[in-house]
Each structure stands twice: as structure tokens, then as C-alpha cells.
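This briefing goes through selected side-chain contacts, the nonpolar core and some backbone features of one protein chain. The points are grouped by topic and can be followed on the structure.

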Amino acid sequence: MTHSMPKVCSFNIQIAQVSCGDDHTVFVSSMNEGGYVYAMGSNTDSKLGIGNSEIRSVNVPTLVEGICNIQKVSCGNAHTLALGADGSAYSWGQSFYGALGLSSGLSGTARLHHKKSTLKT
């Protein structure tokens with residue numbers, strides 16, 4: 001279905017940030033509401049992070065369980081990353097070309113938690 005005019009999306013969640021992939025959308029609730037992550041769209045390659053790869057798609061916001069206090073999310077074509085308020089990073093979906101931060105050359109679907117980085121930029 002295609003909409004040529006913007007539509008108001010009312011999910012009863014105060015949304016702080018949104019990111020879109022090729023065919024999925026992820027957003028973060030405000031920190032006042034816990035900084036929870038919600039996802040909708042295609043779940044191919046488990047890119048929604050909802051823990052059930054047999055669900056092919058969802059058309060309503062679905063909670064990404066097990067993470068909260070998230071400040072930002074960013075979607076790639078078939079993966080998603082989330083940044084926690086404490087500096088922790090989470091990634092899930094397809095890991096082609098190391099998109100999830102897995103070892104070089106490793107591909108597949110995964111859901112990972114990365115602790116704060118000690119790298120200096």
C-alpha cells in the first residue's frame with residue numbers, strides 16, 4: 001500500500017527518535033517512557049529484533065524486548081543498531097560485511113550487546 005500524503009501515526013507512545021531501513025522502521029520512546037525500542041515492517045533476517053524469526057512482518061509497533069534506556073536507533077538495509085544512555089550498543093539483523101560488529105567475514109542473523117567501547121577517536 002502506498003500513501004501519497006503524510007498520515008498521522010498514533011501509537012499512544014511518545015516517540016523520541018525514528019529510523020527507517022529498506023522495509024522496516026524502528027523508533028524509540030522518550031526517556032520519560034523508558035527509552036524502549038519498537039519495530040515494525042519486514043522481519044526478514046530478524047531485522048526487527050522481536051525474537052521470533054518465524055514472524056514475517058508486523059504492521060503495528062512491536063516491542064524489542066530486553067533493552068531499555070535507549071537514546072538512538074539507526075537502521076541499515078537489513079539490520080538495526082541501538083545506542084543506550086550508558087553508551088552500550090545493541091545490534092541485530094543481517095550481518096553481511098560485519099554490519100553487526102561480528103568477526104570479519106561472518107554473516108548470519110544475530111542479536112548482540114556491545115559494552116561501552118574503550119576506543120578513542
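K47 is buried, since its relative accessibility is 4% and buried means under 20%. The model is a predicted one. In it, the side chain of K47 meets that of D23 in a salt bridge, with 2.6 Å from N to O.

**Salt bridge**

- A search of the whole structure finds 1 salt bridge, and K47 and D23 are its partners.
- The pair links distant parts of the chain, 24 residues apart. K47 sits in the loop between β3 (37-42) and β4 (57-63), while D23 sits in the loop between β1 (15-20) and β2 (24-29).
- The two partners differ in exposure: K47 is buried at 4% relative accessibility, whereas D23 counts as partly exposed at 36%.

**The loop between β3 and β4**

- D45 is placed in the loop between β3 and β4, and S46 is found there too.
- D45 has a phi near 65°, which is positive although the residue is not glycine.
- S46 likewise has a positive phi, near 60°, in a residue other than glycine.
- As background, most residues other than glycine have a negative phi.
- D45 counts as partly exposed because its relative accessibility is 29%.
- S46 is also partly exposed, with a relative accessible area of 22%.

**Aromatic pair**

- The whole structure yields 1 aromatic pair when searched. F27 and Y38 form this pair, and their rings are stacked, with 5.7 Å from centre to centre and 20° between the planes.
- The angle of 20° fits the stacked class because planes under 30 degrees apart count as stacked.
- F27 lies in strand β2 and Y38 in strand β3, so the contact ties together parts that are 11 residues apart in sequence.
- F27 is buried at 2% relative accessibility, and Y38 is buried at 16%.

**Nonpolar core**

- The largest nonpolar core has 19 residues. Those touching the most other members are V37, I67, I70, V73, A82 and W92.
- At least two residues of this core come from each of β2, β3, β5 (70-75) and β7 (89-94).
- Strand β3 gives the most to the core, with 4 residues.
- In general, nonpolar side chains in soluble globular proteins tend to be buried together.
- In β7, 5 of the 6 residues are buried, so this strand is largely enclosed by the rest of the structure.

**Pairing of β6 and β7**

- Strand β6 (residues 79-84) pairs with β7 in the antiparallel sense, over 5 bridges.
- A82 stands opposite Y90 in β7. A82 is also one of the core residues that touch the most other members.
- The hairpin of β6 and β7 has 4 residues between the strands, and G87 in this hairpin takes a positive phi near 95°.

**Cysteines**

- The structure holds 0 disulfides.
- C75 is in no disulfide; its nearest cysteine sulfur, that of C20, is 6.7 Å away. That pair does not qualify because a disulfide needs the two sulfur atoms within 2.5 Å.
- C75 is buried, with a relative accessible area of 13%.
- C68 counts as partly exposed, at 35% relative accessibility.

Methods: Residues numbered from 1 in each chain as written. Predicted model: local features only at pLDDT ≥ 70, side-chain atom pairs only at ≥ 80, totals over all residues. Heavy atoms only, no water. Buried < 20%, exposed > 50% of the residue type's maximum accessible area, 1.4 Å probe, protein only. Salt bridge = Lys/Arg side-chain N within 4 Å of Asp/Glu carboxyl O. Phe/Tyr/Trp six-rings, centres within 6.5 Å; stacked < 30°, edge-to-face > 60°. Core = buried A, V, L, I, M, F, W, Y, C linked by side-chain atoms within 4.5 Å. Pairing = 2+ DSSP bridges.
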